[in-house]
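Q: Please examine one part of this model closely and explain how its surroundings are arranged. A connected account would be preferred.

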Amino acid sequence: MSELTLTFEEQAMLDGAEGPGVKRAMEIVVALARIYGAADLVPVVHAQIAGVSYKNLGDAGVQFLSEWADEGARVRVPTTLNPMGMERGKWQQWGIATDFAVPQLNVIDVFAKMGVTPTMSCTPYLFREHTPVRGDALAWAESSAVAFANSVIGARSNREGGPSAIAAAVVGRTGRYGYHLDENRQANFVVEVHCPVKSVADFGALSYAVGKAMGSGVPWFADLGEWLPPLPADLTLGGPAGDRLKTLGAGLAAYGAVAVYHVAGVTPEARDLGQALIRPNAQRLVIDSLDAAYRVMDADPDLKQIDLVTVGCPHASLTEIEQVADYLRGKTLATRLWVTTGEITRRAAAELGYVQVIEAAGGEVVADTCAVVAPMRMLDVRSMATNAGKMACYAPMHSGVKMRFGDLEACLDAAVTGEWRKATSEG
Ligand code: F3S
């Protein structure tokens with residue numbers, strides 16, 4: 001294992017020349033670089049901070065962040081925030097208690113003091129000013145965004161933790177290890193998919209089947225391209241291929257610990273390097289059916305009454321919001337519906353009239369949060385339906401809800417009729 005070499009400037013930060021906040025950040029970055037055997041640090045161009053909800057941070061987390069900001073920690077690269085526990089302008093209307101809302105708003109103030117842009121979204125790659133380009137070194141902590149950036153864009157990020165992403169943003173560097181190195185981006189699983197994968201929900205079910213089977217490996221999807229329309233040049237709009245790959249990466253990261261995947265002929269490194277990206281000793285995994293995945297993810301098959309239908313995990317793209325609006329035009333909802341997205345995307349959707357259509361039906365296009373990081377019990381939500389693989393995994397664990405999982409039409413049908421009417425297995 002090589003010794004870590006620091007530049008003069010990096011050593012000065014570690015020695016405290018730029019104050020205690022920077023010193024603390026450099027200590028974290030250097031400790032991780034040493035643990036993972038990095039030879040040096042790599043400059044990062046962007047950071048994404050996760051663990052923003054007061055639901056996860058608690059008072060101890062807020063105090064830790066406040067002290068760090070008071071020590072002078074300021075980000076030196078563009079840095080964005082993951083969703084928090086509520087929407088900025090709606091928490092009172094939703095009935096969120098002030099003993100949750102006030103500390104939550106304090107968290108955002110602390111990050112603002114550090115210079116972080118309060119995007120409150122897990123999809124920074126959908127925002128033009130924050131979309132990375134191929135080869136960019138990033139320090140992103142949102143696992144679904146890491147998977148998208150590494151795989152679909154060809155940028156490079158490890159799965160940072162909350163504090164390590166802040167530390168990297170403050171010093172503008174991270175250790176050169178893990179997925180910053182070519183050899184760790186090579187595929188060690190070749191996945192053949194011998195069944196139809198026709199919707200976002202199907203891609204979520206596939207993420208379950210593959211993520212559970214391989215854990216933290218790097219999958220090479222040999223034949224998934226036939227289920228993907230061409231990727232658009234402008235990934236910020238989403239589009240059918242982007243939306244499917246967004247949900248695939250999120251589920252692979254949630255059900256396994258996948259940070260990079262390749263799709264033959266589709267994702268950039270797979271297009272350029274072809275079979276050379278596959279390790280000689282790669283294992284083969286064949287997926288014949290998604291039925292078993294649907295049966296596990298659609299966790300409460302007897303559940304008919306849904307408190308909340310939620311779409312947009314990771315946060316919805318413009319095309320996903322458009323699909324919901326198209327379905328709901330002229331209809332009236334019987335059940336609460338959240339389409340969760342970033343404020344930047346919501347504004348774009350409002351300019352195109354999609355938000356107004358969804359609201360006219362009785363739904364909400366919700367910014368800043370999602371049904372995993374918001375205090376759903378406080379919102380009286382005990383059962384949900386979703387078409388998102390990651391939401392089906394996390395909401396029962398983190399929000400204690402019962403869950404139905406199916407395609408977008410099944411979810412929107414439940415929102416309109418007030419009950420889940422689709423059969424358990426979609427596969
Ligand atoms: Fe994003 Fe929440 Fe899903 S943070 S990835 S919408 S669980």
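**Unpaired cysteines and their surroundings**

A: The sulfur of C195 lies 20 Å from the closest cysteine sulfur, that of C411, which is too far for a bond. A disulfide requires two cysteine sulfur atoms within 2.5 Å, and the structure holds 0 disulfides. C393 is likewise in no disulfide, the nearest cysteine sulfur being that of C313, 9.5 Å away. The model is predicted; local features need pLDDT of at least 70 and side-chain atom pairs pLDDT 80 or more, whereas totals for chains, interfaces and linings use all residues. Residues are numbered from 1 along each chain as its sequence is written, and side-chain values use heavy atoms, without hydrogens or water.

C393 is buried at 14% relative accessible area, and C195 is buried at 9%; buried means under 20%, exposed over 50% and partly exposed in between, with a 1.4 Å probe and protein chains only.

C313 belongs to the residues around the ligand (a heavy atom within 4 Å), which also include C122, C370, E142 and K390. This shell comprises 6 nonpolar, 2 polar and 2 charged residues; Cys and Pro count as nonpolar, and Gly as polar.

Elsewhere, the largest nonpolar core, a set of buried residues joined through side-chain atoms within 4.5 Å, has 128 residues, of which F111, L206 and F221 touch the most other members. Apart from this core lies another, of 28 residues, and C411 is among them, as are L328, A361 and L412.
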